[in-house]
Structure formats: C-alpha cells, structure tokens
Amino acid sequence: MESPKNRNIILIGFMGTGKSTVGQAIAETLNYQFVDTDALVEKKAGCAISEIFASQGEAHFRQLEHEVIKEILQNERLVVSTGGGSVLREDNCAVMLANGQVIALTADTDHIIQRVSQDPNRPLLQGNVEERVHTLMAQRKDAYQFADVTIDTTGVPVENIVRTIHEHHMKK
Ligand SMILES: Nc1ncnc2c1ncn2[C@@H]1O[C@H](COP(=O)(O)OP(=O)(O)OP(=O)(O)O)[C@@H](O)[C@H]1O
Ligand SMILES: O=C(O)C1=C[C@@H](O)[C@@H](O)[C@H](O)C1
Ligand SMILES: [Mg+2]
C-alpha cells in the first residue's frame, strides 16, 4: 500500500515561520491544493479568529481547529498550513502523522518578531509582542519536534525553502 507520507504535506510551526507563504508556493510547484486550517476555522465559525477568541474563548477555537484538521486530512494531494498552536493537542499530531509528511518550519526569535510585527491581528500576540513571542516560544519549545522533517527558515529565501521541501517530498 502507498505510504501515508505520500498523501499530503502538512506544515507546522510557530506563528510567522512562513507556513502560509511557503505552503502556497510548494502547492503551486507540486500542483497540490493549498489549504490553511485558520481560514477553514474562520469559514466554519463564520467569523475571524480574533472574534472566536474574544467571544467564545481559546478552548472553543481549539475544538473547531481539531474538527477542521480531522476533516481536511481525509483528502489527498493537499499542502496544509496548520495553526501555530494546533500541535498542542496530541490527537492533532497523530492525525497529521497518519495522513502526510509533517514538515516543521522554524526561525529564530528575532526573525519571528520581525515577521509577526507586520500583522497586528493575532489574538495570542496582543500587548507586548516581543514578550508574548518569547513566552510562547519557550512554552512550545518541544511542541514541533514530532515532525518528519524540520527546516530552519532564518534568513533563508522562500524559494530555497520550497526547493528543500520538494526534495524531501520526492524522496520520502
Ligand atoms: N523565509 C522567509 N523569509 C523572510 N520573510 C518571510 C519568510 N517566510 C515568511 N516570511 C514573511 O513573514 C510573514 C509571516 O509569514 P506567514 O504568514 O507565511 O507565516 P505563518 O507561519 O503562516 O504565520 P501564522 O501562523 O501566523 O499564520 C509574512 O510577512 C511573510 O512574507
Ligand atoms: O500559535 C497559535 O496558538 C495560533 C496561531 C495562529 O495560526 C492561529 O491559529 C491562532 O491565532 C492561534
Ligand atoms: Mg499562516
């Protein structure tokens, strides 16, 4: 039987590691469909993630995120960009590993801060962004380690990251 690792490419990583940017580019290269779990959660809820957090709380968001991940990974030939905190649930990690090649994108703290500072809409980064990034990255330091492949994107152009993912996906 074909390896489940051939089914999909699943990008995990902290906010700002480039999952959406890189994911769209690799999907184009492979002629796969690009999907973003944050966008699917917003569609399911009918409102923005910041509104879900504000009106129903993070736990409700995490439940919607879990449902979306389970549903979407029943398909094939997808590049899935996952929410930065989706890996906090072990059942999400198990579904990902069973349905595709899980690729973790990383970047150093300074680069993350620089990248996320351009977009003020992340509910978990309200207030002092630098402090929030340091705290969350420390809390999550081991959370992305279950990936099949880890790629450091610090100072690396998007096209190089796409090439590396392509090579890993071809030889998996
Ligand atoms: N390799 C890179 N080098 C420089 N800038 C990058 C790189 N990858 C992404 N960026 C920039 O960083 C910002 C965040 O990227 P992106 O939205 O793709 O991250 P993300 O992992 O999807 O974040 P989130 O988890 O919040 O959705 C964007 O402005 C993007 O252009
Ligand atoms: O890292 C996180 O916990 C999050 C990342 C974003 O992608 C969104 O899923 C949401 O803002 C939470
Ligand atoms: Mg994204």
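# Worked exercises on a predicted model

In this predicted model, Asp 38 is buried, because 20 other C-beta atoms lie within 10 Å and the threshold for burial is 20 or more. The exercises below start from this residue.

**Exercise 1.** Determine which element holds Asp 38, which residues it contacts beyond its neighbours within four places in sequence, and which ligand has Asp 38 in its shell.

*Solution.*
- Step 1: Asp 38 belongs to helix H2, which spans residues 37-45.
- Step 2: Once neighbours within four places in sequence are set aside, the contacts of Asp 38 are Ile 49 and Gly 83.
- Step 3: Asp 38, Ile 49 and Gly 83 are listed among the residues around ligand 2. That list also includes Met 15, Gly 84, Gly 85, Arg 122, Pro 123 and Leu 124.
- Step 4: Sorted by class, the shell of ligand 2 contains four nonpolar, three polar and two charged residues.

**Exercise 2.** State which positions carry the UniProt feature "binding site" together with Asp 38, and establish whether Arg 62 is buried, partly exposed or exposed.

*Solution.*
- Step 1: An unreviewed UniProt entry assigns "binding site" to Asp 38, Arg 62, Gly 84 and Arg 140.
- Step 2: Of these annotated positions, Asp 38 and Gly 84 also appear in the shell around ligand 2.
- Step 3: Arg 62 is located in helix H4, residues 58-72.
- Step 4: Arg 62 has 18 other C-beta atoms within 10 Å and is therefore partly exposed.

**Exercise 3.** Describe the surroundings of ligand 1: which residues come nearest, which elements contribute two or more residues, and how does the shell divide by class?

*Solution.*
- Step 1: The shell comprises 18 residues, and Gly 18, Lys 19, Ser 20, Thr 21 and Arg 115 come nearest to ligand 1.
- Step 2: Two or more residues are supplied by each of helix H1 (19-30) and helix H8 (158-170).
- Step 3: H1 provides the largest share, three residues.
- Step 4: By class, the shell consists of four nonpolar, ten polar and four charged residues.
- Step 5: Ser 20, a residue of helix H1, is covered by the UniProt annotation "binding site" in an unreviewed entry. Because Ser 20 has 15 C-beta neighbours inside 10 Å, it counts as partly exposed. Apart from residues up to four places away in sequence, Ser 20 touches Asp 36 and Ser 81.

**Exercise 4.** Give the strand order of the sheet and explain why strands S2 and S5 each have a side without a neighbour.

*Solution.*
- Step 1: The sheet is open, has five strands in the order S2-S3-S1-S4-S5, and pairs in the parallel sense.
- Step 2: Strand S2 (33-36) and strand S5 (149-152) are at the edges with a single partner strand each, so one side of each lacks a neighbour in the sheet.
- Step 3: From one strand to the next, the twist averages 20 degrees.
- Step 4: Helix H8 lies across S1, S4 and S5 and runs at about 165 degrees to S5.

**Exercise 5.** Characterise strand S1: with which strands is it paired, and which of its residues point one way and which the other?

*Solution.*
- Step 1: Strand S1 (residues 8-12) pairs with strand S4 (residues 101-106) over four bridges in the parallel sense. The pairing of S1 with strand S3 (residues 78-81) is likewise parallel, over four bridges.
- Step 2: The bridge partners of Ile 9 are Val 79 in S3 and Gln 101 in S4. Ile 10 stands opposite Val 102 in S4.
- Step 3: In a regular strand, side chains alternate between the two faces of the sheet.
- Step 4: In S1, Asn 8, Ile 10 and Ile 12 point one way, while Ile 9 and Leu 11 point the other way.
- Step 5: Five of the five residues of S1 are buried.

**Exercise 6.** Locate Asn 31 and Arg 77, and state what value phi takes in Asn 31 and in Arg 77.

*Solution.*
- Step 1: Asn 31 is placed in the loop between H1 and S2, and its phi is near 60 degrees, a positive value in a residue other than glycine.
- Step 2: Asn 31 has 7 other C-beta atoms within 10 Å and is therefore exposed.
- Step 3: Arg 77 is situated in the loop between H4 and S3, with a positive phi near 55 degrees.
- Step 4: Because Arg 77 has 14 C-beta neighbours inside 10 Å, it counts as partly exposed.

Terms used. Residues are numbered from 1 along each chain as its sequence is written. Chains are lettered from A and ligands numbered from 1 in the order in which they are written. This is a predicted model: local features need pLDDT of at least 70, side-chain atom pairs count only at pLDDT 80 or more; totals for chains, interfaces and linings use all residues. UniProt positions are given in the numbering used here, feature names are shortened, and annotations may be inferred rather than shown by experiment. A residue is buried if 20 or more other C-beta atoms lie within 10 Å of its own, exposed if 12 or fewer, and partly exposed in between; C-beta atoms are placed from the backbone. Two residues are in contact if their C-beta atoms, placed from the backbone, lie within 7 Å. A residue is near a molecule or strand if its C-beta atom, placed from the backbone, lies within 6 Å of it. Ala, Val, Leu, Ile, Met, Phe, Trp, Tyr, Cys and Pro count as nonpolar, Asp, Glu, Lys and Arg as charged, and the others, Gly among them, as polar. Two strands pair if DSSP finds at least two bridges between them. Axes are lines fitted to C-alpha atoms, for helices over the stretch in contact, and angles run from 0 to 180 degrees between N-to-C directions.
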